[in-house]
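Student: I am new to this structure. Please show me how to read its features, step by step.

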Amino acid sequence: MPDSEQRTPSVPSVPSVPSVPSVPQSAPPTSPTPSAPQSAPPTSPTPSVPSARSEASVPPPRHPTHSVDRAFLSLERRRPDVRWDAGGIAYLSGPPPSLADLRAYVGFRLGELPLLTSRVAGGRRSRWQPDGDFAVDRHVHEVVADGPAGWDPALDTALNAPFAPGAYWGIWLVHGHEPDRYAVCYRFHHACQDGAAAAMTFRALLSGGGPSARPVPGRSRLSGAPRRVGAAVGLATRFLAGSLAVRGHRPYAAFTPSGERRLWRGRVRSDTLRRIGAGRGGSAHDVHLAALAGALSVWSARAGVPLPRVTAVLPVDARRADEEQTWGNRCFALPFQLPVHAAQEHPDGPRNTQAPLRRLDHVMATTRKLRGETWRQAIQDLVRFMPDAPTEWYLRRMLSPRVTNVMATSMPLADQGSLGDSQVTGTALLPLLVPGHLFAVGLSFFGDWAEVSFLTDRDLPLGESLPLLWEQAVGELAESTTPA
């Protein structure tokens with residue numbers, strides 16, 4: 001396992017939840033997969049498992065795509081060399097299911113997730129519609145580790161395996177390194193879902209599908225339309241100016257990317273982040289960003305990678321209060337300059353105890369507006385009404401290394417999760433990793449833990465050190481906010 005995963009303390013056992021209902025099998029279980037890792041189902045024929053439709057979830061026959069969906073599909077056509085997928089991993093304690101059982105179970109739960117059995121059809125007015133050729137076995141795969149030493153290669157296979165032709169998503173069952181430990185890796189094309197919708201998929205498959213704790217604006221009122229239009233135009237102008245201000249910036253080439261992704265993990269108690277944030281009038285996410293800036297400051301010095309500027313792109317969920325999370329994207333990308341160099345007057349001297357607090361105050365000064373009703377409503381209006389061409393142009397600018405060089409996201413997942421008798425013991429987000437970015441970092445809240453995941457290129461210098469540096473930066477913030 002990666003060093004950062006070995007350092008992760010074990011999670012207390014999660015309270016038991018009901019077992020997965022028995023699902024009729026359309027075929028006997030497949031024989032175990034050979035020990036060599038693989039990213040596709042066995043070559044022997046495996047009958048497709050049909051998805052069982054839930055009586056409580058009957059999707060409309062056609063659902064319009066959103067401008068953000070169409071923007072990501074267009075980006076894929078422009079840059080087929082880029083991996084436009086994101087996702088997450090659930091780590092479980094218990095005997096792993098067989099590939100056939102997992103396929104049957106996923107097929108059983110797909111009735112709650114109609115988007116996953118749909119495809120995009122049509123031209124300028126494209127829509128999501130049921131995929132008549134959908135088959136579970138093209139989406140659910142298996143990677144078997146060759147013993148304990150084979151865990152890293154098996155997980156890397158799940159992270160980097162291509163989707164089956166025509167598929168927007170895939171699930172990889174990763175096991176074989178320990179008899180009672182395994183992982184389920186879920187990856188999706190970003191035209192298919194955003195983080196909030198993916199979190200719902202996580203809960204539907206592993207936790208019962210409870211609602212997320214996402215902040216949303218109140219219901220729209222026509223009486224406030226002129227004010228809302230003005231706020232949306234002002235916000236668009238602000239971010240447009242921010243992207244053009246660095247138009248001539250040439251990002252420093254920190255390394256030559258290999259194109260192969262690696263995952264590194266760390267964790268702290270979620271109450272620690274919340275306590276630090278509340279003590280300064282901020283949020284747990286503010287503390288995460290301030291700790292990220294502190295970790296980058298140390299990493300830059302140790303790795304010999306100069307960071308004249310670090311601007312993160314922050315995905316923001318812009319759904320209306322009454323809007324489903326299952327269909328496509330409703331996200332907006334905001335640029336955010338991380339205070340990596342805050343209060344570094346004495347880089348060779350003793351640690352500046354005020355630097356962590358100054359970073360946190362800098363973060364809070366910006367995010368305070370994002371948490372306000374006016375900005376959140378303006379972001380929602382922009383995402384809802386912005387035409388295709390400006391939407392694609394804006395996303396292309398925000399993902400460009402000339403504007404941003406880190407993807408940073410966070411998501412509340414669930415209080416607990418299970419798959420049959422197996423309990424979810426940990427999670428990791430897999431944010432979008434764009435060529436030219438240093439890395440992508442995700443913070444997932446699961447149970448009592450805030451789990452940080454760094455998705456890096458294999459050749460990023462000292463990428464494996466980032467989770468520990470982040471944990472240490474959180475510790476420094478905790479010390480700085482503790483009364484003497």
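Student: Where should we start?

Tutor: With a charged pair. A salt bridge is a side-chain nitrogen of Lys or Arg within 4 Å of a carboxyl oxygen of Asp or Glu. Here Glu 112 makes one with Arg 109, and their closest N and O atoms are 3.1 Å apart. The model is predicted: local features need pLDDT of at least 70, side-chain atom pairs count only at pLDDT 80 or more, and totals for chains, interfaces and linings use all residues. Residues are numbered from 1 along each chain as its sequence is written, and side-chain values use heavy atoms, with hydrogens and water left out.

Student: Are Glu 112 and Arg 109 buried or exposed?

Tutor: Use relative accessible area: buried means under 20%, exposed over 50%, partly exposed in between (1.4 Å probe, protein chains only). Glu 112 is partly exposed at 29%. Arg 109 is buried at 12%.

Student: How many salt bridges are there?

Tutor: The rule gives 18 salt bridges. One of them links Asp 317 and Arg 319, at 3.0 Å from N to O. Both of these residues are buried. Shared partners also join Arg 78, Glu 392 and Arg 396 into one salt-bridge network.

Student: Which residue forms a salt bridge with Arg 274?

Tutor: Asp 271, with the closest N and O atoms 3.7 Å apart. Helices (H or I, at least four residues) and strands (E, at least two) are DSSP runs, numbered from the N terminus. Arg 274 and Asp 271 both sit in helix α7 (residues 270–279), three residues apart, about one turn of the helix. Arg 274 is partly exposed at 42%, while Asp 271 is exposed at 56%.

Student: How do I read a sheet?

Tutor: Strands of a sheet pair through backbone hydrogen bonds, either parallel or antiparallel. Two strands count as paired if DSSP finds at least two bridges between them. In this model, three strands form an open sheet in the order β1-β4-β3, with antiparallel pairing. β1 (63–64) and β3 (118–121) are at the edges with a single partner strand each, so one side of each has no neighbour in the sheet.

Student: How many bridges join β3 to β4?

Tutor: Four, and β4 covers residues 127–130. Within β4, Trp 128 is the bridge partner of Val 120.

Student: Where is Arg 62?

Tutor: Arg 62 is in the loop between α1 (3–7) and β1. Its relative accessible area is 42%, which is partly exposed.
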